[in-house]
Amino acid sequence: MKGLRLYGHYVSIHVKSAMQYKMSFFLTALGQFLVSFSVFLGIYFMFQRFPSVEGFTYEESLLCFGIVLLQFSLAEMAVRGFDQFSSMVRTGEFDRVLVRPRGLVLQVLGSKFEMTRIGRIVQGIVMFGYSLAVADIPLTPARIVTLIFMIIGGVALFSGLFLIYAALCFFTLEGLEFMNVFTDGGREFGRYPIGIYGKRMLQFCTFIIPYALVQYYPFLYLIGRTENTGYVFLPLAAVLFLIPGYLLWRLGVRHYKSTGS
């Protein structure tokens, strides 16, 4: 509980800081909204030419992307500190973190809270609400639970990827750009159900980096393509992806050597 209160205090500081420059905050948030809107236009023009993609309609693909965008944006907003961790290692700021009497993960989490990502979150909510209404999908209790689990599992999965990205900085000092393939790339190819990319990709996204557990399988249940209620709980299994990320982080901390700056 003390950790949660401290994290809440960190967040409140970042919010107050952002609100000191309200116009800058709102313009940046608007920019984030418009960037995501360009992806929406890409989906729209795709379905102007093709009536469906591997059997999935425009409304279903839009719903799918809206959920993934919410997952990614919430994770990026909350764990932005890990995404920018390389600068903390490079400048020696992490040395200060080590001598403070608080958990390392909590301090890095609290070092950055990206409020401007609310622009993407709003975009995701708009796409989600619109597609849900147009696709005429009844919100039964089971589907509501599925949506909640998808959001929780997706946020945990992307947070785990950001944690791995930060842990690798202990060994490289600079962030490895290839990790963007799994973070930003996961958001981008999540605009369509993962099953359309082929069997091999689906297997990779099920057993290696479990995007499919928070997107494809529960999504099939959400839109009524399957009655397998086991798919409802699959997103919770993706929360386990935080474990290898945390273990790699612990390994990096043990091997960390001060920059001397």
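Start by selecting Val35, Ser36, Val39, Phe65, Leu69, Arg120, Arg187 and Glu188: together they line the second largest cavity. You are looking at a predicted model, and this cavity has a volume of about 40 Å³. Colour the lining by class and you should find four nonpolar, one polar and three charged residues.

Now show the helices around that space. α2 (22–49), α3 and α10 (184–189) each supply at least two residues of the lining. Which helix gives the most to it? That is α2, with three residues.

**Along α3**

Next, select α3, residues 58–78. It has 21 residues and reaches 30 Å from its first C-alpha to its last, close to the 30 Å expected at 1.5 Å a residue. Switch on a surface and you will see that α3 is mostly covered, with 18 of its 21 residues buried.

**The largest cavity**

Staying with α3 brings you to another space, as the structure holds two cavities of 30 Å³ or more. Select Val68, Gln71, Leu157, Phe158, Gly186, Gly190, Ile194, Tyr211, Val214 and Gln215 to display the lining of the largest cavity. About 50 Å³ of space lies inside. Helices α3, α9 (141–172) and α12 (211–214) each supply at least two of its lining residues. How many charged residues does this lining have? It has no charged residues, but six nonpolar and four polar ones.

**Aromatic rings**

Now display the Phe, Tyr and Trp side chains; the structure holds 23 aromatic pairs. Zoom in on Phe94 and Phe170, an edge-to-face pair at 5.4 Å centre to centre, with 65 degrees between the planes. This pair links distant parts of the chain: Phe94 sits in helix α6 (residues 93–99) and Phe170 in helix α9, 76 residues apart. Phe94 counts as buried because its relative accessibility is 0%, and Phe170 is buried too, with a relative accessible area of 9%.

Move on to Phe189 and Tyr211, which also form an edge-to-face pair: 5.4 Å centre to centre, 85 degrees between the planes. Phe189 lies in helix α10 and Tyr211 in helix α12, so the pair ties together parts that are 22 residues apart in sequence. Are these two rings buried or exposed? Phe189 is partly exposed, with a relative accessible area of 22%, whereas Tyr211 is buried at 4%.

Widen the selection to Phe72, Phe158, Phe162, Phe189, Tyr197 and Tyr211, a cluster linked by ring pairs. Two of its members may look familiar: Phe158 and Tyr211 are among the residues lining the largest cavity.

For the last stop, select Arg225 and Phe56: Arg225 lies over the face of Phe56, at 4.5 Å from the ring centre.

Terms used
Residues are numbered from 1 along each chain as its sequence is written. This is a predicted model: local features need pLDDT of at least 70, side-chain atom pairs count only at pLDDT 80 or more; totals for chains, interfaces and linings use all residues. Side-chain values use heavy atoms; hydrogens and water are left out. On a 1 Å grid over the protein atoms alone, a cavity is a set of points where a 1.4 Å probe fits but cannot get out, and a pocket is an open set with protein on both sides within 12 Å along at least five of seven lines; lining residues have an atom within 4 Å of a point. Grid points are joined across faces, edges and corners, and a volume is the space filled by probe spheres set on the points. Helices (H or I, at least four residues) and strands (E, at least two) are DSSP runs, numbered from the N terminus. Ala, Val, Leu, Ile, Met, Phe, Trp, Tyr, Cys and Pro count as nonpolar, Asp, Glu, Lys and Arg as charged, and the others, Gly among them, as polar. The expected span of a helix is 1.5 Å times one less than its number of residues. Buried means under 20% relative accessible area, exposed over 50%, partly exposed in between (1.4 Å probe, protein chains only). Rings of Phe, Tyr and Trp (its six-membered ring) pair if their centres lie within 6.5 Å; planes under 30 degrees apart count as stacked, over 60 as edge-to-face and the rest as tilted. A charge sits over a ring if NZ of Lys or CZ of Arg is within 6 Å of the ring centre and within 35 degrees of the ring normal.
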